[in-house]
Amino acid sequence: MNEMCKGIVELVITTIRTKSKAEEAVDEKQIDDLIRRVSSVLAYELSEEEFEAVRKELHHRQTIVMEPGIAISSDPNFKNWYNPIDIDPSYSYWERYKKYLSSDLLLPEKVIQSIDISTTDIVNLLGEPVENGIFARKGLVIGDVQSGKTANYISVINKAADAGYKVIVLLTGTIEKLRQQTQARIDEGFIGIDTSDLERERRNNPIGVGLINGGISVSSFTSIIKDFNKSVLTNSNVPLDSLSIPLILVVKKNKAVLNSIYKLFNGEKKDQTYNKINQSLLFIDDEADNASINTNSQDNDPTAINKSIRRILGLFMRSSYVGYTATPYANVFIEPSTKEDMENEDLFPKDYIYVLQPPSNYIGAREIYSEDGQYKSMYRMIDDFEDFLPLKHKKDYQLPLDIPLTLKKAILSFFIANAIRDLRGDLTTHRSMLINVSRFICIQNDLKDLVNDYFLSVRDKIQHYLLNSDYSKYPVLSLLEDIYNEEFKNVSSFKETKDINWESIREQLFNSIKNIRVESINGGNASKLLDYKGYDNGLRLIAIGGLSLSRGLTLEGLCISYFYRNSIMYDTLMQMGRWFGYRRNYEDLCQVWMSEESYSWYQHISDATDELRDEINRIYYSNLTPLDVGIKVRSSEGALIVTAKNKMRSAGDYIADLALDGDYIEAPYFSRSSQIINGNIEAVKNLLNVLQSNEYTVVDPEELSLENKSAKQILDVKKEIIVEFLKQVDTHHRNIKFIAPQVAELIESSSEELLDTWDIAFAKGKSRNKFDIFGEKINRVERSLENTTSSIITLRKHRIGSLGMATCGLTEAQCTQIEELIKKNNKNNKRPSGKRVADKEYFKTNFKRKPLLVIYLIDVKSSENITHNQPLVGLGIGIPKLKESRGLNYKYKVNTTWLKENYDEDEFEVDDTGEYDD
């Protein structure tokens, strides 16, 4: 969008705000009329494309909303003490940052209002920095990957400064480039000057908030050029107890750096009574999620870092520690070995947990990977990369000379996206393509050379032949046109116009791509190669990298992502998802290339993480505490896998308390052992024999008005029969929450009356093969494979059955009652839910129903006879809420042995030579 279009947008918004204050409604037609009127006044004739771009920007600025977050507090009576209205706007750090969010970052007004509300909530939880007061508060803020948590904590910093916090430490990740990126955001959003000028002893140049109000200032002991170091320690003579303006330090998560800060602060004057500094410290940990702790370096060891943080906090009479995490799998929940260790962890958020909600224009995992996701059309499948570079490879692997077709298509898509963005008027914006296929730097460098060769070759063809009438005789240019038609024109999210079509793209393409750079990005060179400040006309970059690109580093204008990596780790995968975030004015151009298996894992992780967030919301509405959140996170599959990975360097165990009541669980992982497969079939036959000998029958669903009409249902079965069957069944131990013998023991030992009588349902499928139940034939279930190893079979989407089996055993009237309760409960749930009710929801209400055992006889769709001509026995169990909330808990232990048995060991292999990028 050019400057004239931006001016039209601002003038129209000013007019709309004036009308809003006068309580005059403005509809879409009036907005169109305002655009035409303003452009006429400015004597600027908008093209069709420009008019649409202005309208789209106005829609963005006026309609994007963001729900306030929720606070889970250990003390519901903790009093609010802060209100930004009480601060004089002329001397308010927050007031100038709020203006910056609107004028420079162009955030919609409703989003700024929501940030204002949520950050006021968080500041109220910090503790009031009154002189001579004493407190040590600890909390955690949970957001989404790339969702804007930086803007949130910068808002908190500004408000805390207004409230009287004088010492602020902001802890970033372990990579210097990430620290520099964060420092730059702090310079613009809080300090108001470019700190690199301080290091170069230049005149202070105001930037960001400094251009809005330069009358208030901030002192900084770090800069874009330098982290906190010994020279600062030696030369500092600022007495903390008499600070008149806030002091901020933006530092890496590094033991040596933190120890230097401790030495500086420890030399300060102390209060005689408490032997602590009489000042208020705000300590923000921007890498409180687990992705930052998987490292070999002692300087980055989490135990040592936590100890350093605690030492710094302990120096101050008033300290407030706030961790920020992009996933619920926060270090503080899952690193301690036991629940008791977690509760006693010094950095445990004992006082509060605050859950942020993303704005409505945020593109996250659920928007891309859910079946009804708004942006699911971004996905493109990689099916040819394994022959080029296997998922399991060593650092000395020799790449073939010709890159795969899917990678070529992704690169050519990036070319086209650049041309379209230029045609839309976004001429000076940064553009990025991400290629993440190996953790080894040497492999990344080799691939960079191949990609660069391809880029130069194609660029040459575009420059010399694309504008010729016979361009299609060149295969790569013909492919380019095919990609435009297949990946853009015929994709529903993209709309061709008279200004943007294949002919206009042909004319624009060379100028749009001629300055593209192909670079290998890793921890050592990221600072230099991702220096966006040096590109006034926009950096156009194909970035090839590994985990350095996954730990908070921002690729500006990312529109094409090519991802082929081992794919089971919850925290790492979500961190690797740099395509999450905001893609304003080019969301219809974005593509995410990955294998079908990776896509399925992202679906699974997205669903699991959303379920975990929903549980946290329920904890909030049940008036529970941060400890309950920690217990819930620890019991999730994601936490177990993440933690097991991090135990790879130690012999330690991790123990989770898993709760089974109020849930519906399945066992989607199966052993390939013919003995186990046959044994499970025998267990089902034994169950049917026992049921028949005890005169149980399959009921008529029509006669009893049962909700589920297709399954074969056997009602009111005694607990002892269920227990005996579960003892005989062998569910693979990768089914973390469904180890059948352990579940059987829990049910057997429970005195809960609700568990005395069960319903059993046999699922009906569409397989040609049938199974006999008391003389009645039922079609077996057919399921597709996700993948197989030498010992494990995994079903597609990590699910056994389709939705709806949880209604088995319920009458139509009972089902209606439960669904009304679910609707009532979900009014409090801010996260979007699917059109159909998830099976586990039928067990989370307080409705009194019988527990349910669902049995699936599964035929696997496979060219190989991996099940030895027998169906797999799949199980699902639903147990309603019990009187004793933790009556069905059991301890589950994970360690290195568990990980090697259940997951591919190579996925966690660490090369200790340092020639890798993680």
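**Exercise 1. Find where Arg-583 sits and what surrounds its side chain.**

Arg-583 is found in the loop between α21 (570-576) and β14 (591-594). Helices (H or I, at least four residues) and strands (E, at least two) are DSSP runs, numbered from the N terminus. You are working with a predicted model, in which local features need pLDDT of at least 70, side-chain atom pairs count only at pLDDT 80 or more, and totals for chains, interfaces and linings use all residues. Residues are numbered from 1 along each chain as its sequence is written, and side-chain values use heavy atoms, with hydrogens and water left out.

Next, look at charge. Arg-583 is buried yet has no salt bridge. Buried means under 20% relative accessible area, exposed over 50%, partly exposed in between (1.4 Å probe, protein chains only). A salt bridge is a side-chain nitrogen of Lys or Arg within 4 Å of a carboxyl oxygen of Asp or Glu. The nearest side chain of opposite charge, Glu-556, is 7.6 Å away; Lys and Arg count as positive and Asp and Glu as negative, while His and the chain ends are not counted.

Finally, check the backbone: the oxygen of Leu-558 lies 2.9 Å from a polar atom of the Arg-583 side chain.

**Exercise 2. Trace the salt bridges of Glu-487 and Lys-727.**

Start with the total, which is 33 salt bridges in the structure. In one of them, Glu-487 pairs with Arg-380, the closest N and O atoms being 2.4 Å apart. Glu-487 belongs to helix α18 (residues 475-489) and Arg-380 to strand β9 (residues 379-381), so the pair ties together parts that are 107 residues apart in sequence. Both Glu-487 and Arg-380 are buried.

Now turn to Lys-727 and Glu-748, whose side chains meet in a salt bridge (3.0 Å, N to O). Helix α26 (residues 719-728) holds Lys-727 and helix α27 (residues 740-749) holds Glu-748, so this pair ties together parts that are 21 residues apart in sequence. Lys-727 is partly exposed, with a relative accessible area of 37%, and Glu-748 is partly exposed too, at 44%.

A network is worth finding as well: Glu-176, Arg-179, Asp-227 and Lys-252 are linked by salt bridges.

**Exercise 3. Work out the strand order of the eight-stranded sheet, then follow Leu-140 across it.**

The eight strands form an open sheet in the order β1-β8-β2-β7-β6-β3-β5-β4, with mixed pairing. At the edges stand β1 (70-73) and β4 (219-220), each with a single partner strand, so one side of each is left without a neighbour in the sheet. Two strands pair if DSSP finds at least two bridges between them.

Step inward from β1: four bridges join β1 to β8, and these strands run antiparallel. Ser-73 has Tyr-352 as its bridge partner in β8. β2 and β8 pair in the parallel sense over four bridges, while eight bridges join β2 (residues 135-142) to β7 (residues 316-325), also parallel. Leu-140 stands opposite Ile-353 in β8, and its bridge partner in β7 is Gly-323.

Last, inspect the faces of β8. Tyr-352 and Tyr-354 on one side and Ile-353 and Val-355 on the other are all buried, so both faces are covered.

Technical notes. Polar contact = N/O pair within 3.5 Å; in protein donor to acceptor, adjacent residues only side chain to side chain.
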